[in-house]
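Grab the model and work through these exercises at your own pace. Each one has a task and then a solution in steps.

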Amino acid sequence: MTNRRKFIRYSLSTAAGLSTISAFSKELAKTMELTPSGIQVNYQRHTPLVKPEGTIKFSVIGLNHGHIYGQVEAVTRGGGQLVSFYAKEPELVAAFAKRYPQAKQAKSEKEVLEDKSIQLILSASIPVDRAPLGIQVMRHGKDFMVDKPGIITLEQLAEVRKVQKETKRIYSIMYSERFENPATVKAGELVKAGAIGQVVQTIGMGPHRINLKSRPEWFFDQKYYGGILCDIASHQCDQFLFFTGSTEADVVSSQIGNIHYPQYPAFEDFGDMTLKGNSGAGYVRVDWFTPDGLNTWGDGRLTILGTDGFIEIRKNTDLAGRSGGNHLFLTDQKETRYFDCSKEPLPFGTQLVNDVLNRTETAMTQDHCFLATELTLKAQKQAQVLKIRK
């Protein structure tokens with residue numbers, strides 16, 4: 001009953017979710033909705049974000065993955081100013097400079113690291129190079145936000161933890177499937193409001209299309225990217241911890257395999273793991289088997305099971321026919337509702353900028369960041385090799 005009251009209060013205050021759209025005209029549905037109690041309220045999808053009181057200057061080192069553009073956009077939305085960048089690869093430099101002509105191209109990493117006006121450095125370098133770079137960034141008195149996987153070995157993790165503790169700088173990993181996915185952000189609000197009661201388990205699916213011709217050589221060699229669980233499953237481990245509220249967790253079992261690409265012996269195309277935390281359980285499956293017939297790179301899904309209901313997120317596509325991504329379905333003791341989350345605000349960039357300015361942990365705690373990484377690294381290290389007969 002307490003969770004139900006919390007959810008009703010939440011729905012009335014934030015106008016969460018469109019329920020039973022067919023009962024309304026399209027015009028009415030744009031401005032009105034039903035709460036779980038059946039009360040009509042004004043529908044306002046966009047909740048304005050509180051901008052940072054000040055701004056920060058940030059730079060980029062390493063452009064080896066396209067995720068860097070999402071990282072830059074997130075910090076820019078949050079009030080950050082991109083002032084410079086550095087990368088070794090001319091073709092990557094040219095594309096980035098065209099997108100952000102206001103940013104100065106630095107001549108070396110050292111130039112960026114020693115620029116005292118810079119407070120935050122972003123990176124999407126080759127994964128094996130990310131932790132060593134982050135250590136340099138922190139030792140130069142700057143905060144660091146890196147693409148996942150932010151760390152690819154347990155030895156790197158131990159060193160990063162040590163330096164972070166010494167320097168008190170922020171080492172943030174961009175788990176974009178949560179931070180940059182509006183439906184997942186919305187799910188966080190609903191779970192916090194008690195919409196499905198106490199969370200029992202998360203099931204995270206992270207399928208990807210391989211796009212062989214567009215991948216660089218390092219993509220196929222585990223010593224550079226860490227392995228499939230280290231890489232893709234870091235998203236799902238982050239979401240498991242976040243939605244269950246677990247502050248302690250461990251890997252129960254894990255598997256990896258190279259089922260379909262023998263021409264790349266150091267590559268893995270399938271992985272899964274089972275997790276247990278002090279506030280819930282989790283299952284993760286990731287792969288590189290998205291077929292070309294799908295209209296997006298992967299049918300990413302997250303199911304959150306609670307004591308009073310469940311939430312399913314279809315992040316990139318809805319096979320039932322709705323266009324676009326960011327589809328959320330919530331089923332509780334009374335009904336099933338659909339939420340179009342495509343226009344939900346994304347607070348991560350604003351929160352991170354505020355954390356840089358105020359030395360807080362509103363975007364993500366450092367303990368959470370490192371624990372999500374630790375789970376993926378342990379799962380990768382202890383994984384059994386799956387072999388499927390042809």
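**Exercise 1. Find the residue that stands opposite glycine 277, then place the pair in its sheet.**

Solution. Start at glycine 277: across from it stands glycine 280 in S12. Next, look at the strands themselves (DSSP runs of E, at least two residues, numbered from the N terminus, just as helices are runs of H or I of at least four). Strand S11 (residues 270-277) and strand S12 (residues 280-287) run antiparallel and are joined by eight bridges. Two strands count as paired if DSSP finds at least two bridges between them. Now zoom out: the open sheet has nine strands in the order S16-S15-S14-S13-S9-S12-S11-S10-S17, and its pairing is mixed. Strand S16 (336-340) and strand S17 (384-385) each have a single partner strand, so one side of each has no neighbour in the sheet.

A quick word on the source: this is a predicted model, where local features need pLDDT of at least 70 and side-chain atom pairs count only at pLDDT 80 or more, while totals for chains, interfaces and linings use all residues. Residues are numbered from 1 along each chain as its sequence is written, and side-chain values use heavy atoms, with hydrogens and water left out.

**Exercise 2. Work out where isoleucine 203 sits and which residues it is in contact with.**

Solution. First, isoleucine 203 belongs to strand S9 (residues 199-207). Second, isoleucine 203 counts as partly exposed because its relative accessibility is 27% (buried is under 20% relative accessible area, exposed over 50%, partly exposed in between, with a 1.4 Å probe and protein chains only). Third, skip its neighbours within four places in sequence, and isoleucine 203 is in contact with Tyr283, Arg301, Leu302 and Thr303 (contact means heavy atoms within 4.5 Å).

**Exercise 3. Which residue does aspartate 143 meet in a salt bridge?**

Solution. The partner is arginine 169, at 3.3 Å, N to O (a salt bridge needs a side-chain nitrogen of Lys or Arg within 4 Å of a carboxyl oxygen of Asp or Glu). This pair links distant parts of the chain: aspartate 143 is in strand S7 (residues 143-147), and arginine 169 is in the loop between helix H7 (154-167) and S8, 26 residues apart. Aspartate 143 is buried, with a relative accessible area of 0%.

Now compare lysine 162 and glutamate 166, whose closest N and O atoms are 3.0 Å apart in their salt bridge. Both lie in helix H7, four residues apart, about one turn of the helix. Lysine 162 is partly exposed at 42%, and glutamate 166 is partly exposed at 48%.
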